[in-house]
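Me: I would like to learn how to read a model of a complex. Can we take it feature by feature?

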Amino acid sequence: MAEAMIEFQSVTKRYQGGQPAVDDLTMSIDQGAITVFVGPSGCGKTTSLRMINRMVEPTSGTITVGGEDVTSVPAARLRRSMGYVMQSSGLMPHRSVLDNIATVPRLNGVSRTDARRRAQELLEVVGLAPSLGKRYPSQLSGGQQQRVGVARALAADPPVLLMDEPFSAVDPVVRDELQKELLRLQRDLAKTIVFVTHDIDEATVLGDKVAVFGVGGKLAQYAAPEEILRAPANDFVASFVGRDRGFRHLAFSPSDGVTIHEVSTLTPAELEHDGGPPDGNWNDGWKLVVDAGRRPLGWAGPGRATGAGPVMVPGGSLFRKGETLRRALDAALSSPSGLGVAVDAEGRVAGVIQAAEVLAVIEAGRRVRQGAL
Amino acid sequence: MSNVITDTFDWLADPAHWAGAAGVPARLAEHLQYTGLVMLIATAIAIPIGLYVGHTGRGRVAVVALAGALRALPTLGLLTLFVLLAGIGLMPPIWALVILTVPPLLAGTYAGISSVDRNVVDAARAMGMTELQVLFRAEFPNALPVMFGGFRTGVLQVIATVSVVAYINLGGLGRYLFDGLVLSDFPQMLGGSLLIAGLAIAVDLVLALFQRLFLSPGASSQSNRSRQAAVDLTDPVTAEAVVKGGMS
């Protein structure tokens, strides 16, 4: 078990006279892991996060970081020892991107030249072009601003990162990109990250551990995401996790048992001279169209020769070898031919998989778990 | 009518009016001196209070109410009162003008600070800035465009109003107005008015240039909209409505 970095001990936050925003929270957060606080609005997840760097002071209870009570150092110094990323980037409009990233090192007394040099490095770390450093925040897209926000949080190399719904204001495609980027960064940096979101998908994708908060500021379940999907602690967690949790849970099952079959392929040039499916061709006449590098382009449908259908239809999602059962099943279900396209690490076609076979693997896995109980 | 206008230009073109202690350059210098003095004192009073109220939110209702009340005071009446109480001299009329100039500066400063995006302030604090650093590194630079708008309004108002000090025996371009009035010398009065208007336009142009050269382009582009709003916010009545709206 990983060592605890942040500990909440019977922490309660009550705003004047009202119901508690956070109610008697006791939990410990692992060092070097991503812990996600998730829950509906008003569940106290953001309040809990903001109590770690004392942006909110608890009504009672103590919080320790690295074994030290957070109230033992001045609030400003405590905050400089933790990176903070928020939903709206919160970048200073009057400062260039570089100077924004350099904020905390400058507060710590690092010289302007050194702080800017470090900022320039960080631009690349978070995947931004070095030339963006001279721009002002208003000249960046939302996704770029969030990347700058992450770079700013990393600038002083703090052991702890607090992220308050950092990706919820960007569009889904960019969000997906930013999530991957965060996981990639985390592999190199191994920070202790506390991440707040209301999106259970984001929580299960990012979290090493997920804490589900219920209304009234109570911690409903705190476990690995796989366990939360497989065994919700109560009805609240089950309903919050949602109807697709069975499908989502597949994201934690390896696809080792899935067979990859051969598939007949043709190039676009061959497709022009293709006379359609010869009698007895397997798979109802579907053929996979690939480019010269064997990367999938789409499917040649059975109706192509008679003119009964389009010559080529777009393919479904791709299953990269070694990915989870969720991806395998989705690839098969989303493919017009009923066959999921499996590709290797370079994106070349490796073969096809069938939904029925993926389901068989899932069922076999369930039997094994059942036997183990 | 055309008589008065040609006479006015004759008056302005007369070299005799451009020399000596009563000449245009000397009056202009006096006018600018008074304006500078009033702005200096008013800024020294209004900016710290405005920063404090804008940053902490404390006393904003009182400030807005006071600013509105002060603005309702009649200029000439206040001037006369100060002279009656404190006697003839440079400072009594200057103080009277300071009292009239503080409200727009105060409202501009307060409005500038409160117009800064709360997320930016929150982030600044979460980065680990102390309260003073939050004020001077996050709020102040981003409030500058709006604050400067209030400053420009104040300067224009003072340039126009400082003319009244001539009423109690001080100099400045206002002399031409009051002397002309006594002598029924309308070309002189109109000439003086044109000079005051010209001075106001020239000074505003210089300030606009200054704003363009020295204020961060990032801050300005962010607050293009809020600068528009600041024009209204320096009016105490609107500012009061904003404050009330913000509290409900």
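Reply: What follows goes from the chains to one helix, one sheet and the interface. This is a predicted model: local features need pLDDT of at least 70, side-chain atom pairs count only at pLDDT 80 or more, and totals for chains, interfaces and linings use all residues. Residues are numbered from 1 along each chain as its sequence is written, while chains are lettered from A and ligands numbered from 1 in the order in which they are written.

Me: How many helices and strands does chain A have?

Reply: Start with the definition. Helices (H or I, at least four residues) and strands (E, at least two) are DSSP runs, numbered from the N terminus. Chain A has 14 helices and 17 strands. Its C-alpha atoms fill a box of roughly 80 × 55 × 35 Å along the principal axes. Chain B has twelve helices and zero strands.

Me: Which domains does the assignment give for chain A?

Reply: Domain bounds come from an automatic or database domain assignment. Here that gives domain 1 (4-242) and domain 2 (265-271 + 283-362). The C-alpha centres of these two domains of chain A lie 39 Å apart.

Me: What share of each chain is buried?

Reply: Count neighbours. A residue is buried if 20 or more other C-beta atoms lie within 10 Å of its own, exposed if 12 or fewer, and partly exposed in between; C-beta atoms are placed from the backbone. Of the 373 residues of chain A, 42% are buried. For the 248 residues of chain B, the share is 42%.

Me: And what do contacts tell me about sequence separation?

Reply: Two residues are in contact if their C-beta atoms, placed from the backbone, lie within 7 Å. Take contacts between residues at least 6 apart in sequence. In chain A, 60% of these join residues at least 24 apart. In chain B, 75% of them do.

Me: Which residues of α5(A) are buried?

Reply: First the general idea. An α-helix has 3.6 residues a turn, so residues three or four places apart point the same way. Now the case. Helix α5 of chain A (residues 112-125) has 14 residues and reaches 20 Å from first C-alpha to last, close to the 20 Å expected at 1.5 Å a residue. The expected span is 1.5 Å times one less than the number of residues. A:A115, A:A119, A:L122 and A:L123 are buried in α5(A). Seen down the axis, these buried residues fall within an arc of 110°, so they line one face of the helix. The arc is that of the directions from the helix axis to the C-beta atoms.

Me: What do the two faces of α5(A) meet or carry?

Reply: The buried residues pack against α3 (97-101), α4 (103-107) and α6 (142-154) of chain A. The face turned away from the buried side carries exposed A:T113, A:D114 and A:E124. After α5(A) comes A:G127, with a positive phi near 80°.

Me: Which strands stand at the edges of the sheet β11-β12-β13-β14 (chain A)?

Reply: Two strands pair if DSSP finds at least two bridges between them. This open sheet has four strands in that order, with mixed pairing. β11 (265-266) and β14 (312-313) of chain A stand at the edges, each with a single partner strand, so one side of each is left without a neighbour in the sheet. Strand β13 (residues 296-300) of chain A runs antiparallel to β14(A), joined by two bridges. A:A300 has A:M312 of β14(A) as its bridge partner.

Me: How many residues does each chain bring to the contact?

Reply: Chain B brings 19 residues and chain A 20 residues. On the chain B side, α6 (118-127), α7 (131-161) and α10 (217-222) each supply at least two residues. The largest share, seven residues, comes from α6(B).
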